[in-house]
Amino acid sequence: MDQQTKRQGPGMPNLEQTAGGVMSSGQPAAESAASNSEKKRAPQAVYIHIPFCTNKCFYCDFNSYVLKDQPVMDYLKALDREMELTVGQTPPGEIRTIFVGGGTPTVLNPQEMEFFLASVRKHFPRWAGGIEFTMEANPGTTDREKLAVMKAGGVNRVSFGVQAFQNELLSGIGRIHNTDDVYRSLENARAAGLDNLSIDLMFGLPNQTVEMLDYSVSRALELGLSHYSIYSLKVEENTLFHTLYQKNQLPLPSEEDELKMYLLLMERMAQAGYKQYEISNFAKPGYESRHNITYWRNEDYYGLGAGAHGYVARQRHVNIKGVNPYVEAAGQGLPRLEQFAVSREEAMEDFVMVGLRMLDGIRKEDFRAQFGAASEMDRIFARPLQKMLSAGLLEQHEDQGGYRLSRQGVLFGNEVFAEFIGALTV
């Protein structure tokens with residue numbers, strides 16, 4: 001799932017990946033240095049969190065709750081209220097991307113889904129031509145009636161959490177779908193007129209071999225989809241896998257095999273004509289995830305729902321996580337757990353760290369556009385840039401006027417990103 005499944009590959013930075021974006025590891029700044037023009041700029045991207053799931057996967061530490069006995073309509077009404085308060089505080093402009101993550105948004109029944117999508121359209125009425133409206137889904141939770149409601153409500157891209165094409169691997173990570181559900185779900189989506197489809201795969205899973213990943217990649221490519229996200233497992237605290245790992249009972253592949261897996265998937269995807277546009281993401285030309293690119297370019301976005309993060313005019317917020325506490329808080333105002341300003345220096349660090357995830361890298365022109373004409377990336381980050389260039393992990397991107405990971409840098413991205421953490425805020 002494009003944003004909410006843990007995504008740690010060989011080049012994944014050790015940042016806090018969150019519902020609705022990537023948070024800097026630096027400490028909150030005392031005040032924002034955003035200009036007046038930045039404060040007036042309306043976000044063009046919306047992230048909305050639906051925290052319900054059919055079950056909790058063994059690796060998942062996201063803000064999600066098993067659906068049984070949850071007050072779903074109360075939650076959707078509270079979400080409607082948060083949307084109302086949010087756009088009252090920061091009126092939206094023309095919306096370019098909407099991403100609904102979770103949890104599993106497609107556990108909503110058709111009536112709940114219709115109510116939810118009507119709320120989105122009501123509070124964010126101005127949609128750009130060619131808007132990208134993505135909803136995450138689990139195979140087996142999308143029948144044709146529900147998909148028809150989704151399409152009628154504006155959804156035009158669906159991201160399915162497939163993870164593997166071996167049923168034994170799926171049950172071993174706590175997934176409740178099987179490979180038959182994958183094919184049936186994709187068939188239902190296409191029958192509903194939804195053809196911009198993405199699937200997630202995972203590697204580095206317990207008991208997974210290089211050959212098993214190769215098989216999954218082959219089955220995935222046979223589908224001829226427009227987009228694939230392929231992430232390595234990261235063992236997170238407060239998960240069953242972490243408990244097993246601490247007891248030395250989690251049979252993970254060796255680091256050598258995990259590297260072989262990553263090299264294999266890069267080679268296979270390139271041979272099939274898919275561009276690796278980000279460390280863990282591959283797409284046909286024109287089908288890159290525009291919503292996630294918003295995060296990687298450090299641009300503003302609304303963050304709505306329990307546990308969601310938002311970033312507007314150099315102000316980050318984190319919403320209350322629990323379903324009932326969120327519902328109660330939304331009845332009294334914006335359901336914030338925390339809100340703080342991001343300093344200009346911290347925003348610059350974020351720009352570089354998340355921007356280098358994209359294989360096209362970062363451009364000096366974009367840096368100046370965000371931070372002012374006098375802001376020169378070469379001067380501000382002279383030390384870490386030169387160090388990583390000398391190490392062969394970064395290279396200059398002459399035609400774009402900036403920097404990008406080298407082929408070796410893609411494999412050791414953590415080392416690159418670490419050089420910029422706290423570079424200006426220490």
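Which residues in helix 3 and helix 4 meet? Here are my notes on this predicted model, starting with that helix pair.

1. **Helix 3 against helix 4.** On the helix 3 side, the residues in contact are Pro110, Gln111, Met113, Glu114 and Leu117. Their partners in helix 4 are Glu145, Lys146, Val149 and Met150. Sorted by class, this contact has five nonpolar, one polar and three charged residues.

2. **Geometry of that pair.** Helix 3 covers residues 110–123 and helix 4 covers residues 144–152. Their axes come within 9 Å and cross at roughly 10°. Angles under 35 degrees count as roughly parallel, so helix 3 and helix 4 get that label with respect to each other.

3. **Domains.** The domain assignment splits out domain 1 (45–296) and domain 2 (344–425). If you want a separation for the two, their C-alpha centres are 28 Å apart. Domain 1 puts 13 residues into the contact, and domain 2 puts in 12.

4. **The largest pocket.** You'll probably want to look at this one: the largest pocket holds about 670 Å³ of space. It is lined by 31 residues, and the closest to its centre are Ile293, Arg297, Glu299, Asp366 and Gln370. By class, the lining has 12 nonpolar, seven polar and 12 charged residues.

5. **Who builds the pocket.** Both domains take part, as domain 1 and domain 2 each supply at least three residues to the lining of the largest pocket. Elements giving two or more residues to that lining are strand 11 (275–278), helix 10 (290–296), helix 12 (344–355), strand 17 (362–363) and helix 13 (364–371). Helix 13 is the top contributor, with four residues.

6. **A cis peptide.** Have a look at the bond from Gly102 to Gly103 before you set anything up. That peptide bond is cis, with omega near 25°. Strand 6 (95–102) comes before the loop that holds Gly103, and helix 3 comes after that loop. This is the helix 3 of points 1 and 2, whose Pro110 and Gln111 are among the residues that meet helix 4.

7. **A positive phi.** Asp69 is another backbone spot to check. Phi of Asp69 is near 70°, which is a positive value in a residue other than glycine. Asp69 sits in a loop too, between strand 5 (65–66) and helix 2 (72–89).

Key
Residues are numbered from 1 along each chain as its sequence is written. This is a predicted model: local features need pLDDT of at least 70, side-chain atom pairs count only at pLDDT 80 or more; totals for chains, interfaces and linings use all residues. Side-chain values use heavy atoms; hydrogens and water are left out. On a 1 Å grid over the protein atoms alone, a cavity is a set of points where a 1.4 Å probe fits but cannot get out, and a pocket is an open set with protein on both sides within 12 Å along at least five of seven lines; lining residues have an atom within 4 Å of a point. Grid points are joined across faces, edges and corners, and a volume is the space filled by probe spheres set on the points. Ala, Val, Leu, Ile, Met, Phe, Trp, Tyr, Cys and Pro count as nonpolar, Asp, Glu, Lys and Arg as charged, and the others, Gly among them, as polar. Domain bounds come from an automatic or database domain assignment. Axes are lines fitted to C-alpha atoms, for helices over the stretch in contact, and angles run from 0 to 180 degrees between N-to-C directions. Angles under 35 degrees count as roughly parallel, over 145 as roughly antiparallel, 65 to 115 as roughly perpendicular and the rest as oblique. Contact means heavy atoms within 4.5 Å.
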